[in-house]
Amino acid sequence: MRNRNLGTLFVAAAFVASVFAVGFISPALAAEGKVYQWKFQSHHTPGSLAIESVIKPFIERVEKMSGGRLKMSLHYAGELVDYAEVDKALQANMIQIANTSSLFFRGAIPMGWVTAPNMPPFVTRSNDEFNELFHHRGIDQLVAEALAERGIKYLGCHSVGNTYFWSKKPINSLEDLKGFKIRFFGSMSDFVEHFGASPVMLPHPETYMAIAMGTLDGSGTAWWLYRDLKLYEVCKYFIGPAFQVPQGMELWASKKAWDELPADLQAIVETAAEVFNTNFMDAVTMEEREMFNKSFKEWGTTYTEFSPEEVVRITEEFSLPYLDKIAEEQGKKDPRVIKAVEIIKQFMKDYGYIK
C-alpha cells in the first residue's frame, strides 16, 4: 500500500508540475495559436464507470491543462468505428485517440499476445505487481515499439478492474467447468476451454439475454460489468479468486495526430494519461470493495473461490505453458514477444509464483 500511495503522489506531483509548466502560457497560445480537435473513441457505453469516472475527467483535464488548445470529443463504443476497426482508424487518422485492447488485434500484432489485456490467469496478483510488471519492467516499452511501427502512439496500459466470472449454477471446482457455456475473451477463453468449458465471444450488452434464454451459462470480464449490466439478476454465483489482477486495456493515439502536436501539448497528454491510469485503478478498486461488502448481500449473490491448490494447478498447467506457446509461435514473427515472455516469467519467479 505504501508503494501504491507513493506512486499516486508521484503522478499527482507530475500533474501539478505540468500545470505550472504550461498553465501560465496556455491562454495566450490559445488565443493566438492553433486549436487541435481530437476524436476520442471509447470502448465503453454511456453511463459506465469508465466513462463517468475516468474518460470524461481525462478529456476535461487535457482541455484545461492546454488552455483550450487541445479539445477532444467523446464517442461511445461503436459510434464512429467498430472495436475491431480502431487500429485502422487510428492509422488513417480518422480518429485520434482511443481506449482499446491489443488483444483484439493479436492476429496482426504479435505483441498483443503478451500485453496486459491478454495475460493468462495469476501472472500479477495485486495492483502494485501490475504496475511493476508493465510500467517498470519494460513490457510497455516493447508494446510502444511494436505499435509505433504501425502508426500508433502508445500511451500505456491501465487497469479496468479485476477479472472474475459468474454463473447460473454453482462452480466449486475446475471439474465443474466441463460443458460450461461462457462468454469470455482472449487468454481467459483459452483458460476455461483448457478445463472443459465452451467459451464464446459476445458483445457485453448481449450477454444478459443469452444467459436468461439459456444460450449461455455465464460470462466473465472485469467485475463491474456484472454490476452495471445487472447480470446478478440471472447469475447468482460469482467465482474467484480474481484471475487477472487487474484486467488491462490501453490508450492509443494516432501517430500522425500525435506528431502534429507541439511538444508542450504532447507532454500534457502524457501527463493526463498517467492520471487516467491512476484514476481508473483507484475507481475500480474502491467500487469492487463496496460490491463485495454491500451489494452481494442485496443481490443475493454467492461468492465462491477455487482452492489454493487449483490456483497452483491453473498456473502450472495452463498459464506457464500458454506463455511458452506464445513465445514459440509469435516470437517467430516478432522477437520482442520472446523478450516479453522472459520478463514475465522472471517476474513470476521473483514473486514465487513459479519455480
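This is a short tour of a predicted model, moving from its nonpolar cores to one of its sheets.

Begin by selecting Met111, Val114, Phe165, Leu177, Phe191, Phe306 and Ile344, which are the residues touching the most other members of the largest nonpolar core, a set of 62 residues. To see where this core draws its residues from, colour the elements that give two or more residues to it, among them helix H5 (127-136), helix H6 (139-148), strand E4 (152-159), helix H12 (308-330) and helix H13 (335-350). Then centre the view on Met111 and, setting aside its neighbours within four places in sequence, show its contacts, which are Leu142, Val143, Ala146, Asp334, Arg336, Val337 and Ala340. Before leaving the interior, select Tyr36, Val54, Phe238 and Ala253, which belong to a second, separate core of 53 residues.

Turn next to the open sheet, whose 6 strands follow the order E7-E6-E8-E5-E9-E11 with mixed pairing. At its edges lie strand E7 (198-200) and strand E11 (302-305), each of which pairs on one side only. Looking across this sheet, neighbouring strands are turned by 30 degrees against each other on average, when direction is ignored.

Now zoom in on E9 and E11, which run parallel and are joined by 4 bridges; here Tyr237 stands opposite Thr302 in E11.

Finally, bring in the helices that pack on the sheet. Helix H7 touches strand E5 (163-167), strand E6 (181-183), E7 and E9, and its direction makes about 115 degrees with that of E9. Helix H11, spanning residues 263-299, touches E5, E9 and E11, and its direction makes about 165 degrees with that of E9.

Conventions:
Residues are numbered from 1 along each chain as its sequence is written. This is a predicted model: local features need pLDDT of at least 70, side-chain atom pairs count only at pLDDT 80 or more; totals for chains, interfaces and linings use all residues. Side-chain values use heavy atoms; hydrogens and water are left out. A nonpolar core is a set of buried Ala, Val, Leu, Ile, Met, Phe, Trp, Tyr and Cys residues joined through side-chain atoms within 4.5 Å. Buried means under 20% relative accessible area, exposed over 50%, partly exposed in between (1.4 Å probe, protein chains only). Contact means heavy atoms within 4.5 Å. Two strands pair if DSSP finds at least two bridges between them. Axes are lines fitted to C-alpha atoms, for helices over the stretch in contact, and angles run from 0 to 180 degrees between N-to-C directions.
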